[in-house]
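Hi everyone, thanks for making time this morning. I'd like to walk you through one structure, so please have a look at the screen.

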Amino acid sequence: MSSRLLQNFKGGRAIVVTKRGGWESTLETTLAKLGVSTEYPEIIDGRAQIDVASLQADRDILFIDGDLEGAIAIELNPASHLPPVPVIGLVGVEAPSRLKALVNLGATSFLRKPVHGGAVYTSLFMGINQFLLRAEMSERLQDLEERRRGRRAVIRAVILLMQQGGLDEEGAYSQLRRESMRARQNMELYCEEFLSKRAKPPDTSGRTTGITLQGGNKQAI
């Protein structure tokens, strides 16, 4: 997990999904002091007119009013369960159903209505940094899972090289490691490609592509 937290939000853009009622002026003024611009998308027939796919995670922050049921739909990343950009829930009526709806939209922080200027920075800090930390954790977990799956390919490649190259386990593993370093690939990816090449149909002589053994010799599989 990253040890650095984002503390400066200058250049950000807050997209506030709410019905204008006067209370939002405090939010807009405070955000401006923090270097964050504010936009209010038009709401037509109860739906905010936002192209969610065009939002940028390194700039945009969604403030969503929990009192507007169904005003926006966001598809969460299936791996991280995060929205495409940080979401801060604006809470008026503290009903469990409305809080749940904001959580389901991926809110990582909340801001009570009517907004008080002193609460905005804390909410922004928590919302953005929780979003970034969760995204980073998800990426690390995915990487670990991919490497775990890749270990199967390493084991299979070692066994194949032992069978076809007459090497012991340590020798087969060492050779695969050297070859992966030479190819500038991690061990798992190299072994996956190694096995994929060995699975090709035989050539016209009835032999598949040869595997390279230690010393540069080749042996057909």
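Let's start with a pair of helices. Helix H1, residues 24–33, packs against helix H3, residues 117–165, at an angle of about 60°, and their axes are 9 Å apart. That angle makes H1 oblique to H3. The crossing of H1 past H3 is right-handed. If you want to find the contact on your screen, look for Thr26, Leu27, Thr30 and Leu31 on the H1 side, and for Gly117, Val120 and Leu124 on the H3 side. By class, that contact of H1 with H3 holds four nonpolar residues, three polar ones and no charged ones.

Before I go further, please keep in mind that this is a predicted model.

Now let me step back to the whole chain. There are 221 residues in the chain, and buried residues make up 39% of them. The secondary structure comes to five helices and nine strands. Reading along the sequence, you get the pattern β-α-β-β-β-β-β-α-β-α-α-α-β-β. How much of the contact in the chain joins residues at least 24 apart? Taking contacts between residues at least 6 apart in sequence, 59% join residues at least 24 apart.

A nice example of a residue with partners from elsewhere in the sequence is Ile88, and you'll find Ile88 in strand S6, residues 87–91. Is Ile88 buried or exposed? Its relative accessible area is 0%, so Ile88 is buried. Ile88 and Ile64 are 24 residues apart in sequence, yet 6.3 Å apart in space, C-alpha to C-alpha. Setting aside residues up to four places away in sequence, Ile88 touches Ile61, Leu62, Phe63 and Ile64, then Ser109, Phe110 and Leu111, and also Ser123, Leu124 and Gly127. You've met one of those before: Leu124 is also among the H3 residues that meet H1.

Let's move on to helix H4, residues 169–182. Here's a quick check we can do together. At 1.5 Å a residue, the 14 residues of H4 should span 20 Å, and the end C-alpha atoms are 20 Å apart, which agrees. The buried residues of H4 are Gly171, Ala172, Ser174, Gln175, Leu176, Glu179 and Ser180. Just as a reminder, an α-helix has 3.6 residues a turn, so residues three or four places apart point the same way. After H4 comes Arg184, with a positive phi near 60°.

One residue of H4 that I'd like to point out is Tyr173. Tyr173 has a relative accessible area of 31%, so this residue is partly exposed. Tyr173 and Val158 are 15 residues apart in sequence and 5.7 Å apart in space, C-alpha to C-alpha. Leaving aside neighbours within four places in sequence, Tyr173 is in contact with Arg151, Val154, Val158 and Met187.

Met187 takes us to the last helix pair. H4 packs with helix H5, residues 187–198, at an angle of about 100°, with the two axes 9 Å apart. H4 and H5 are therefore roughly perpendicular to each other. From H4, the residues in this contact are Tyr173, Leu176, Arg177, Glu179 and Ser180; from H5, they are Met187, Tyr190, Cys191 and Phe194. By class, that gives six nonpolar residues, one polar and two charged.

That's my tour. Thanks for listening, and I'm happy to take questions.

Key:
Residues numbered from 1 in each chain as written. Predicted model: local features only at pLDDT ≥ 70, side-chain atom pairs only at ≥ 80, totals over all residues. Heavy atoms only, no water. Axes fitted to C-alpha atoms, helices over the stretch in contact; angles between N-to-C directions. Helix = DSSP H or I, 4+ residues; strand = E, 2+ residues; numbered from the N terminus. Parallel < 35°, antiparallel > 145°, perpendicular 65-115°, else oblique. Left-handed = near helix turned anticlockwise from the far one by under 90°. Contact = heavy atoms within 4.5 Å. Nonpolar A, V, L, I, M, F, W, Y, C, P; charged D, E, K, R; others polar. Expected span 1.5 Å × (residues − 1). Buried < 20%, exposed > 50% of the residue type's maximum accessible area, 1.4 Å probe, protein only.
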